[in-house]
Amino acid sequence: MRHFINKKFDFPLDILYAIKEDDEAWKNFNSFSLSYQRIRIAYIDVARNRPDELKKRLKNFINKTKKSVMIGFGGIEKYY
């Protein structure tokens, strides 16, 4: 599994530009770890063949990032 972490990841420019449009979201995005950035952007990008879902994911990510809220993984945090 670690070989994926070391693999080069090219951040999709259109997604980065959308985040950059909001100064606060961009500032907070850059304060997050590279691994978090990568996972979240990949999650958004994988919906590229479903434009409505991509927009929904991107909007949610920008809104949370603007508030400096990191999105959890798998929803397990709601049980604790």
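Let me start with helices α4 and α5, which pack at an angle of about 150°, with their axes 8 Å apart. Angles over 145 degrees count as roughly antiparallel, and α4 and α5 are therefore roughly antiparallel to each other. This is a predicted model, so please hear every value as a computed one.

Which residues of α4 and α5 meet? On the α4 side they are Y36, R40, I41, Y43, I44 and D45. On the α5 side they are L54, R57, L58 and F61.

Take I44 from that list. Leaving aside neighbours within four places in sequence, I44 is in contact with L54, R57, L58 and F61, and also with I15. I15 is one of the buried residues of α2, and we will come to that helix shortly.

Two lysines give a sense of distance here. K55 is found in helix α5. Its C-alpha atom and that of I44 are separated by 8.4 Å, and the two residues are eleven apart along the chain. K56 is in α5 too, and K56 and I44 are 8.8 Å apart, C-alpha to C-alpha, with their positions twelve residues apart in sequence. Are these lysines buried or exposed? K55 is exposed, with a relative accessible area of 56%. K56, at 53% relative accessibility, counts as exposed as well.

Now the whole chain. How many helices and strands does the protein have? There are five helices and zero strands. Read from the N terminus, the order is simply α-α-α-α-α. The protein has 80 residues, and 30% of them count as buried. The exposed surface comes to about 6100 Å², and carbon and sulfur atoms supply 57% of that.

One more figure for the whole chain concerns contacts between residues at least 6 apart in sequence. Of these, 62% join residues at least 24 apart.

Next, the inside. The largest nonpolar core has 16 residues. Which of them have the most contacts inside the core? They are I19, I41, I44, L58 and F61. The elements that give two or more residues to this core are α2, residues 13–20; α3, 23–31; α4, 34–45; and α5, 51–66. You will recognise I41 and I44 from α4, and L58 and F61 from α5, as residues in the pairing I began with.

That leaves I19, which takes us to α2. In α2, the buried residues are I15, L16, A18 and I19. They cover an arc of only 160° around the axis, which puts them on the same side of α2. The background is helix geometry: an α-helix has 3.6 residues a turn, so residues three or four places apart point the same way. What do the buried residues of α2 pack against? They pack against α3, α4 and α5.

Of those partners, I will look at α3. Helices α2 and α3 pack at an angle of about 120°, and their axes are 7 Å apart. That makes α2 oblique to α3. From α2, the contact is made by L16, I19 and K20, and from α3 by D23, A25, W26 and F29.

Between α2 and α3 there is a loop, and D22 is found in it. Is D22 buried or exposed? At 17% relative accessibility, D22 counts as buried, because the cut-off for buried is under 20%. Not counting residues up to four places away in sequence, D22 touches I62 and K66. D22 and K66 are 44 residues apart in sequence, yet their C-alpha atoms are 7.6 Å apart in space.

At the other end of that helix, S31 is in α3. S31 is exposed, with a relative accessible area of 53%. The C-alpha atoms of S31 and T65 are separated by 10.0 Å, and the residues are 34 apart along the chain.

Last, a backbone detail. S68 is found in the segment after α5. It has a positive phi of about 60° although it is not a glycine. How exposed is S68? At 41% relative accessibility, S68 counts as partly exposed.

To recap, α4 and α5 are roughly antiparallel, α2 is oblique to α3, and the largest nonpolar core draws two or more residues from each of α2, α3, α4 and α5.

Conventions. Residues are numbered from 1 along each chain as its sequence is written. This is a predicted model: local features need pLDDT of at least 70, side-chain atom pairs count only at pLDDT 80 or more; totals for chains, interfaces and linings use all residues. Side-chain values use heavy atoms; hydrogens and water are left out. Helices (H or I, at least four residues) and strands (E, at least two) are DSSP runs, numbered from the N terminus. Buried means under 20% relative accessible area, exposed over 50%, partly exposed in between (1.4 Å probe, protein chains only). Contact means heavy atoms within 4.5 Å. Accessible areas come from the Shrake-Rupley method with a 1.4 Å probe; for residues, only the protein chains shown count as cover. A nonpolar core is a set of buried Ala, Val, Leu, Ile, Met, Phe, Trp, Tyr and Cys residues joined through side-chain atoms within 4.5 Å. The arc is that of the directions from the helix axis to the C-beta atoms. Axes are lines fitted to C-alpha atoms, for helices over the stretch in contact, and angles run from 0 to 180 degrees between N-to-C directions. Angles under 35 degrees count as roughly parallel, over 145 as roughly antiparallel, 65 to 115 as roughly perpendicular and the rest as oblique.
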